[in-house]
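Hi everyone, thanks for coming. I'd like to walk you through one small piece of homework I've been looking at, so let me put it on the screen.

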Amino acid sequence: MRCDRCTGIMVHEKFFGLHEYFWGWRCIICGEIIDPVILENRLSHKNL
Ligand SMILES: [Zn+2]
């Protein structure tokens, strides 16, 4: 998994939302965070 912003390495991490935790990706270089909702949106956009 590579960061879209800086092409850095992204790590799979657990994040805490308002009511529950979720797994997402965080760039260790620039701090970009990709959560499951963002991933889903990207996938649906690709299908268009
Ligand atoms: Zn990055």
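I'll start with the overall layout, then go through the sheet, and finish with a few single residues.

Before anything else, please keep in mind that this is a predicted model.

Okay, the big picture. The chain has one helix and three strands. If you read along the sequence, you meet them in the pattern β-β-β-α. As for dimensions, the C-alpha trace spans about 30 × 25 × 10 Å along its principal axes.

How much of the chain is buried? Of its 48 residues, 6% count as buried. And about contacts: take those in the chain with a separation of 6 or more, and 19% of them come from residues 24 or more positions apart.

Now the sheet. In general, strands of a sheet pair through backbone hydrogen bonds, and that can be parallel or antiparallel. Which one do we have here, parallel or antiparallel? The pairing is antiparallel, and the three strands make an open sheet in the order E1-E2-E3. Strand E1, residues 10-16, and strand E3, residues 33-34, stand at the edges with a single partner strand each, so one side of each has no neighbour in the sheet.

Let's go pair by pair. E1 and E2 run antiparallel and are joined by seven bridges. You can pick out some opposite residues on screen: Lys 14 has Trp 23 in E2 as its bridge partner, and Val 11 stands opposite Arg 26 in E2. To get from E1 to E2, the chain goes through a hairpin of four residues.

On to the other pair. Strand E2 covers residues 21-27, and it pairs with E3 in the antiparallel sense over two bridges. Here Trp 25 has Ile 34 in E3 as its bridge partner. The hairpin of E2 and E3 has five residues between the strands, and in that hairpin Gly 31 takes a positive phi near 85 degrees.

While we're on phi, have a look at Thr 7. Thr 7 sits in the segment before E1. Its phi is near 60 degrees, which is a positive value in a residue other than glycine. Why does Thr 7 count as exposed? Because it has 11 C-beta neighbours inside 10 Å, and the cut-off for exposed is 12 or fewer.

Next up, Tyr 21, which is found in strand E2. Tyr 21 has 9 C-beta neighbours inside 10 Å, so it counts as exposed too. What does Tyr 21 contact, if we leave aside its neighbours within four places in sequence? The answer is Lys 14, Phe 15 and Phe 16. Compare that with Lys 46: Tyr 21 and Lys 46 are 25 residues apart in sequence, and C-alpha to C-alpha they are 27 Å apart in space.

Last stop, the helix. Helix H1 runs over residues 36-47, and Pro 36 is found in it. Pro 36 has 12 C-beta neighbours inside 10 Å, and therefore counts as exposed. Which residues does Pro 36 touch, not counting those up to four places away in sequence? Those are Phe 22 and Gly 24. You can also draw a line from Pro 36 to Lys 14: they're 22 residues apart along the chain, and their C-alpha atoms are separated by 11 Å.

Right beside that in the sequence view, find Val 37. Val 37 is found in helix H1 as well. With 10 C-beta neighbours inside 10 Å, Val 37 counts as exposed. From Val 37 to Gly 24, which is 13 residues apart along the chain, the C-alpha separation is 9.3 Å.

So, to recap: one helix and three strands, with the strands in an open antiparallel sheet in the order E1-E2-E3. That's it from me, thanks for listening!

Definitions and conventions. Residues numbered from 1 in each chain as written. Predicted model: local features only at pLDDT ≥ 70, side-chain atom pairs only at ≥ 80, totals over all residues. Buried ≥ 20, exposed ≤ 12 C-beta atoms within 10 Å, placed from the backbone. Contact = placed C-beta atoms within 7 Å. Pairing = 2+ DSSP bridges.
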